[in-house]
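Open your viewer, get the sequence panel ready, and keep a selection box at hand. We will go from stop to stop, picking something to select and then looking at what is there.

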Amino acid sequence: MEQVLQQIGIDQYIFLAILLFCIGAFGILYRRNAIVMFMSIEIMLNAANLLLVAFSNYHEDANGQVFVFFTMAVAAAEVAIGLAILVAIYRNIGSIDIDKLKNLKG
Amino acid sequence: MSTTLLLLTLIFPLVGTLVNGFWGKHLSKKVSGTIATVAIAASFVTSCLFFAYIQSTQQPIKVVLFEWMKFSYFSIDFGFYFDQLAALWLLFITGIGTLIHLYSTSYMSHDEHFAKFFTYLNFFVFFMLILVTGSNLAMMFIGWEGVGLCSYLLIGFWYKNQDYNNAAKKAFIMNRIGDLGFLVGIFVTGYLYHTLDFVALQQHSYLAPSLGIATMAFFIAATGKSAQLPLYTWLPDAMAGPTPVSALIHAATMVTAGIFMITRLNFLFDLTPNVQHIIAVIGAVTSLVAATIALVQNDIKKVLAYSTVSQLGLMFLALGLGAYEVAVFHVITHAFFKACLFLGSGSVIHAIGGEQDMRHMGGLKKHMKITYATFFVSTLAISGFPPLSGFFSKDEILLTAFHHNTVLWIIASLASILTAFYMFRLLFLTFSNSFRGTKEQESHLHESPSAITMPLVILAALATVGGLISIPGNSWLNQFLKPVIKNSATLHPHTLGTTEYILMGLAVIGAFIGLGVAYMKYVKNKQVPVNDNNVAGIQAILANKYYLDEIYVFLIVQPINFLGSFFKKQIEALINGVVLSFGRIPSELSYQGKKAQNGNIGLYLFAFVIGVCGLIYYLFMCY
């Protein structure tokens with residue numbers, strides 16, 4: 001198992017993380033459904049997590065993996081609050097399409 | 001001791017001002033009038049003490065309270081200087097001031113702003129005291145500006161009448177022109193001698209090349225305050241104020257400031273004979289011009305106002321000839337009889353219920369015996385009948401003029417003959433023949449209360465005997481003023497020879513001619529001046545005051561108005577355009593920027609991502 005990790009090489013992880021991050025970023029930019037956007041955010045966070053874990057293994061240092069736990073905890077809390085807000089918005093205007101959420105218009 | 005006394009002299013009127021100014025509304029008229037009168041009377045008492053002190057020791061008192069301003073070359077003290085000149089002025093400012101205050105308690109008793117009136121009146125006296133007691137030019141300037149301010153407040157006292165407000169503004173602005181002269185004078189003097197202190201100036205002054213500018217500027221200042229050509233037109237208009245104010249301004253305070261200042265700076269003026277000539281000529285011309293205008297005025301107070309201008313012209317003539325103590329002498333006697341005349345005219349106006357036109361008066365002799373008697377005495381005095389005070393003072397001026405310049409003597413003599421005529425015209429029109437007003441006014445005719453007649457009697461008595469302080473041969477005043485005046489023109493008094501007696505005789509004959517013509521015209525033939533619309537020829541020119549106001553309007557006011565409207569319409573529009581267009585740029589930019597705030601979260605995120613990409617790109621470029 002360890003050998004597999006070493007065989008793949010750090011740059012493959014970096015490419016995968018970039019790919020995942022870009023998928024997440026494009027998801028945020030092009031999707032209008034707020035829940036899908038949340039999922040995109042999760043993908044971006046996981047891309048970052050993947051990098052942290054990969055670098056941690058590469059450096060043989062556990063700090064990176066500890067950070068991953070923090071990130072996942074914060075992401076969970078964020079999703080909990082974000083979903084609650086979305087529920088509140090849905091009850092008020094009957095939609096979670098972000099094009100309709102224009103209260104911030106100046 | 002002297003410091004305390006000095007502070008008391010100044011503080012009494014100030015306390016009166018403050019009490020009436022802050023609590024006047026809550027005090028009864030009797031109390032506030034009494035406070036104001038007592039304040040000036042107390043100042044009069046301390047002034048008497050000062051006078052006695054100066055008279056016995058002959059030593060001027062100098063009090064420096066603190067250093068006021070410090071410059072690299074010189075410093076200015078907040079100090080006071082009491083010498084013979086200041087003592088004299090103090091005496092008649094506070095003395096006549098007290099009488100006028102007493103008179104006002106009765107004269108203004110029906111006015112709703114009673115306490116305010118006395119506040120201003122006390123303030124006026126306070127500033128006048130500062131003016132005469134200041135130890136340097138800057139201190140004098142405080143008083144100089146202060147009396148200007150108070151005159152504005154008092155002339156426009158009945159502020160609900162727009163004409164009166166205009167008169168007040170005119171007085172103020174005309175005075176400002178003169179004050180500019182005073183400032184220029186102060187600056188030049190300070191530049192030349194590095195001091196503004198009178199004592200230091202007197203000791204160290206020498207003929208500096210630009211001294212003429214300074215003295216000329218001082219003289220311009222004096223023409224503003226003392227109503228000489230070309231800045232005299234405010235004084236007749238100042239009749240808009242209550243009569244006691246006119247009396248105070250004309251007799252004791254403001255108009256004498258110019259004469260006081262020139263006398264105070266006599267050592268500077270002596271160094272510039274050219275300026276002295278100008279002063280003498282302007283004085284004589286003003287005297288004649290004002291006297292001719294007074295001939296045809298029908299407003300009782302305006303006649304007196306022009307008479308003041310004329311008398312002041314005579315004083316300036318004396319100043320210009322270097323006879324400072326003669327001018328001071330005439331200031332003092334003039335203060336007595338002019339105060340009496342003004343207060344008397346106030347008494348008359350009071351009796352007829354506010355009427356000031358002499359064509360609607362007449363026959364008041366029967367109803368107002370005391371007013372008539374005092375008015376008669378003062379008229380005799382101002383016309384120069386011996387042995388009343390005006391005779392001696394005016395005659396000394398004429399004598400001095402004769403010894404210097406015959407032309408000036410002729411002009412001054414003519415002016416004084418005209419004085420006799422128009423003053424008796426005033427007297428006869430007001431008091432002789434029968435009453436020309438309405439029936440209702442006639443039924444109300446009455447002698448004024450004692451608070452009005454008492455000052456009249458005192459002033460008439462002073463006008464009678466006031467000349468004794470400087471009669472030929474025994475000139476107490478000249479002796480008294482000797483320490484103040486460096487090069488006295490009358491240091492060697494003229495021996496009374498045949499020439500002098502002839503001149504005196506001529507002056508008396510002139511006065512009798514004036515009296516006689518007025519008597520023939522207005523008592524014998526019972527003439528009454530015609531309506532304003534019917535005057536013609538030279539009379540019209542005189543009645544319109546040589547159109548001097550109109551000339552000023554044409555030469556100064558209209559160009560300024562034109563310039564003002566030009567700047568307002570054209571230049572201001574230009575500046576507005578530039579400034580406003582600068583303002584419009586950010587406004588326009590922000591309007592465009594506002595469109596980016598469309599509330600579309602997707603767009604925000606897109607901008608955010610672009611931003612992050614840009615940042616990363618930048619970081620890569622840096623490393």
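Select B:Gln58, which sits in the loop between helix H2 (29-57) and E1 of chain B. Helices here (H or I, at least four residues) and strands (E, at least two) are DSSP runs, numbered from the N terminus. B:Gln58 has a positive phi of about 65°, although it is not a glycine. With a relative accessible area of 36%, B:Gln58 is partly exposed; buried means under 20% relative accessible area, exposed over 50%, and partly exposed in between (1.4 Å probe, protein chains only).

Before you go on, a word about what is on your screen: this is a predicted model, in which local features need pLDDT of at least 70 and side-chain atom pairs count only at pLDDT 80 or more, while totals for chains, interfaces and linings use all residues. Residues are numbered from 1 along each chain as its sequence is written, chains are lettered from A and ligands numbered from 1 in the order in which they are written, and side-chain values use heavy atoms, leaving out hydrogens and water.

**Next: a pair of strands**

Now select residues 61-70 of chain B, strand E1, and add E2(B): the two pair in the antiparallel sense over eight bridges. Strands count as paired if DSSP finds at least two bridges between them. Four residues lie between E1(B) and E2(B), and together the strands form a hairpin. Which residue of E2(B) is the bridge partner of B:Val64? Label B:Gly79 to see the partner. Then colour E2 (residues 75-82) of chain B: six of its eight residues are buried, so this strand is largely enclosed by the rest of the structure.

**Next: charged pairs**

Side chains of opposite charge can pair when their charged atoms come close. How many salt bridges does a search of the whole structure find? The search finds eight over all chains, a salt bridge being a side-chain nitrogen of Lys or Arg within 4 Å of a carboxyl oxygen of Asp or Glu.

Show B:Arg264 and B:Asp83 as sticks; their side chains meet in a salt bridge (2.6 Å, N to O). The pair links distant parts of the chain, 181 residues apart: B:Arg264 is in helix H11 (residues 256-264) of chain B, and B:Asp83 is in the loop between E2 and helix H3 (84-107) of chain B. Buried or exposed? B:Arg264 counts as buried, at 4% relative accessibility, and B:Asp83 counts as buried at 4% too.

Move on to B:Lys225 and B:Asp179, whose closest N and O atoms are 3.7 Å apart in a salt bridge. B:Lys225 belongs to helix H8 (residues 211-225) of chain B and B:Asp179 to helix H6 of chain B, 46 residues apart. B:Lys225 and B:Asp179 are both buried. Add B:Glu145 and B:Arg176 to your selection, and you have a network of salt bridges linking these two with B:Asp179 and B:Lys225.

**Next: the nonpolar core**

Select B:Trp89, B:Phe182, B:Trp234, B:Met261 and B:Ile262, which touch the most other members of the largest nonpolar core, a group of 198 residues. A nonpolar core is a set of buried Ala, Val, Leu, Ile, Met, Phe, Trp, Tyr and Cys residues joined through side-chain atoms within 4.5 Å. Helix H15 (residues 324-351) of chain B gives the most to this core, with 18 residues. Zoom in on B:Met261: among the residues that it touches, not counting those up to four places away in sequence, are B:Met140, B:Trp144 and B:Phe218.

**Next: across to chain A**

Show both chains. The contact (heavy atoms within 4.5 Å) takes 10 residues from chain A and 10 residues from chain B. About 900 Å² is buried between chain A and chain B, and carbon and sulfur atoms give 68% of that; buried area is the accessible area (1.4 Å probe) that two parts lose on being put together, summed over both. The count of salt bridges between chain A and chain B is zero.

**Last stop: a loop in chain A**

Finish at A:Glu60, in the loop between helix H3 (34-59) and helix H4 (63-93) of chain A. Its phi is near 55°, a positive value in a residue other than glycine. A:Glu60 is exposed, with a relative accessible area of 74%.
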